Structures are given as C-alpha cells and as structure tokens.
Amino acid sequence: KSLFIETTHVPFILYGPAFLPSGRQIESAVSHIDLMPTLLELAGIKPPDFLEGRSLLPLMSTNVAETLASRPVYIEVIHENSYARGVVDNNLKLIQVRVHDKEKWLLYDHSVDPREKNPIEAETHPEYPRLKGLLNSFVEKASKKAVQPETADIDHDTKEKLKTLGYIQ
C-alpha cells in the first residue's frame, strides 16, 4: 500500500464501439471520484450536482482533453500509525509520508521520471509551495466532510472491522 506509480496508475478501460472512439488513450491523471459521473453519463443519467467528480467522457474528444485534464488529483493511503497523502498536478506528484512523528516529502516529475525512481528535493523545488498548498486544501476539505467516529452510531464489531481496513483509528 503506497502512493507510488505502481499502485496509483490504474487502467480504466471503457468499451463502446458505437459511441467511443477506438484506441483512444488518456494519459492524464484522473480520480476514482470521476467513475460514478462517467458511468451515469454513459447510462444516460445526469449526475447529481453534489458529486465532486466529473464525467470523463469529454476526454474522448481531442478538442477538450487538455483543459479537462489539468485538474489536480488527491491520493492517500492510511495505515495504523502512518499515512501517505499526495497530489498529482500535470507532470508533478508531491507525496507527504508520515510514520509516527517523522515526516518526509517526496516530489516526482513524470516528464523526466515516469517510473518515480529519482525523487527531487521537494522543499527546494519552485513548485513545492504551490503543491503543498494544494495538498493542504484537499486535506482540509476532506476533514470538513468526514464523519467523525464518535458521531457515528456503530457497534463494536463494525468499529473493529473499520479499524482493520484503515478507515478509522
């Protein structure tokens, strides 16, 4: 469980010869929150306004692919005493890793290091403050929406299962 390219670059394959162009590949980062709006649109259902994701079907058109693809994507993985969270924006990926009280920042430039083998010195990179700000805004937004364990009415067995899965501590 990590945020490196091996686990975050997951193929999403759509097949629909009647309505999707054959062989079209989108290399841009997209998010799991985009799956539901995409599938709803494919089914002819307007996605509800409260969904944060967006349909990926417009990416099939070369006219709008670049403007839609420029949205930053938030990623995270949480373990019992540690977490890693990051943001992918265009060719850059910033990852914050925290294990107990130790913190480490990793920055990758996919235009020169697509396999994330050589991290860049994050704190000295000119894009670091902007990327860190993006990451912090994602975290702040998510924490405002999160249901706190003490406010949810769940039994002991369910709490233990959620802890095992890493959803609560």
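Is Tyr-108 buried or exposed? Tyr-108 is buried, with a relative accessible area of 4%. The legends below describe a predicted model and begin with an overview before turning to individual sites.

**Figure 1. Overall arrangement of the predicted model.** The protein contains 5 helices and 4 strands. Read from the N terminus, the order of these elements is α-α-α-β-β-β-β-α-α. Of the 169 residues, 30% are buried. The accessible surface amounts to about 11700 Å², and carbon and sulfur atoms contribute 55% of that area. Among contacts with a separation of 6 or more, 41% join residues that are 24 or more positions apart.

**Figure 2. The largest nonpolar core of the protein.** This core has 11 residues: Val-87, Leu-92, Leu-94, Trp-105, Leu-107, Ala-122, Tyr-128, Leu-131, Leu-134, Leu-135 and Val-139. Strand E3 (92-99), strand E4 (102-109) and helix H4 (128-145) each give two or more residues to the core. Helix H4 supplies the largest share, with 5 residues. A separate core of 9 residues includes Val-73, Val-77, Ala-84 and Tyr-108.

**Figure 3. Surroundings of Leu-94 and the E3-E4 hairpin.** Beyond its neighbours up to four places away in sequence, Leu-94 touches Arg-85, Gly-86, Val-87, Trp-105, Leu-106, Leu-107, Ala-122, Tyr-128, Leu-131 and Lys-132. One of these contacts, Leu-107 in E4, stands opposite Leu-94. Strands E3 and E4 pair in the antiparallel sense over 8 bridges. The two strands form a hairpin with 2 residues between them, and His-100 in the turn has a positive phi of about 55°.

**Figure 4. Strand E1 and its pairing with strand E2.** Side chains alternate along E1. Val-73, Ile-75 and Val-77 point to one face and are buried, whereas Tyr-74, Glu-76 and Ile-78 point to the other face and are not buried. Strand E1 pairs with strand E2 (residues 82-89) in the antiparallel sense over 6 bridges. Within this pairing, Val-73 stands opposite Val-88 in E2. The hairpin that joins E1 to E2 runs through 3 residues.

**Figure 5. Aromatic pairs that involve Phe-4, Tyr-108, Tyr-74 and Phe-138.** The structure holds 3 aromatic pairs, of which two are described here. Phe-4 and Tyr-108 form an edge-to-face pair, at 6.1 Å centre to centre and with 80° between the planes. Phe-4 belongs to the segment before helix H1 (5-8) and Tyr-108 to strand E4, so that this pair links distant parts of the chain, 104 residues apart. Phe-4 counts as partly exposed because its relative accessibility is 29%, whereas Tyr-108 is buried at 4%. Tyr-74 and Phe-138 form a stacked pair, at 5.5 Å centre to centre and with 25° between the planes. Because Tyr-74 lies in strand E1 (residues 73-78) and Phe-138 in helix H4, this pair ties together parts that are 64 residues apart in sequence. Phe-138 is partly exposed, with a relative accessible area of 25%.

**Figure 6. Helix H2 and the loop that leads to helix H3.** The buried residues of helix H2 (residues 35-42) are Pro-37, Thr-38 and Leu-40. These residues lie on the same side of H2, because they cover an arc of only 165° around the axis. Gly-44, which follows H2, has a positive phi near 80°. Arg-54 lies in the loop between H2 and helix H3 (65-68). Because buried means under 20% relative accessible area, Arg-54 counts as buried at 16% relative accessibility. The C-alpha atoms of Arg-54 and Ile-33 are separated by 7.5 Å, although these residues are 21 residues apart along the chain.

**Figure 7. Positive phi values at Asn-90 and Glu-116.** Most residues other than glycine have a negative phi. Asn-90, in the loop between E2 and E3, has a positive phi near 55°. Glu-116 is not a glycine either, yet has a positive phi of about 55°; this residue is placed in the loop between E4 and H4. The two sites contrast in accessibility: Asn-90 counts as exposed at 55% relative accessibility, whereas Glu-116 counts as buried at 7%.

Methods. Residues numbered from 1 in each chain as written. Predicted model: local features only at pLDDT ≥ 70, side-chain atom pairs only at ≥ 80, totals over all residues. Heavy atoms only, no water. Buried < 20%, exposed > 50% of the residue type's maximum accessible area, 1.4 Å probe, protein only. Contact = heavy atoms within 4.5 Å. Areas by Shrake-Rupley, 256 points an atom, 1.4 Å probe, with all protein chains shown as cover. Core = buried A, V, L, I, M, F, W, Y, C linked by side-chain atoms within 4.5 Å. Phe/Tyr/Trp six-rings, centres within 6.5 Å; stacked < 30°, edge-to-face > 60°. Pairing = 2+ DSSP bridges. Arc of directions from axis to C-beta.
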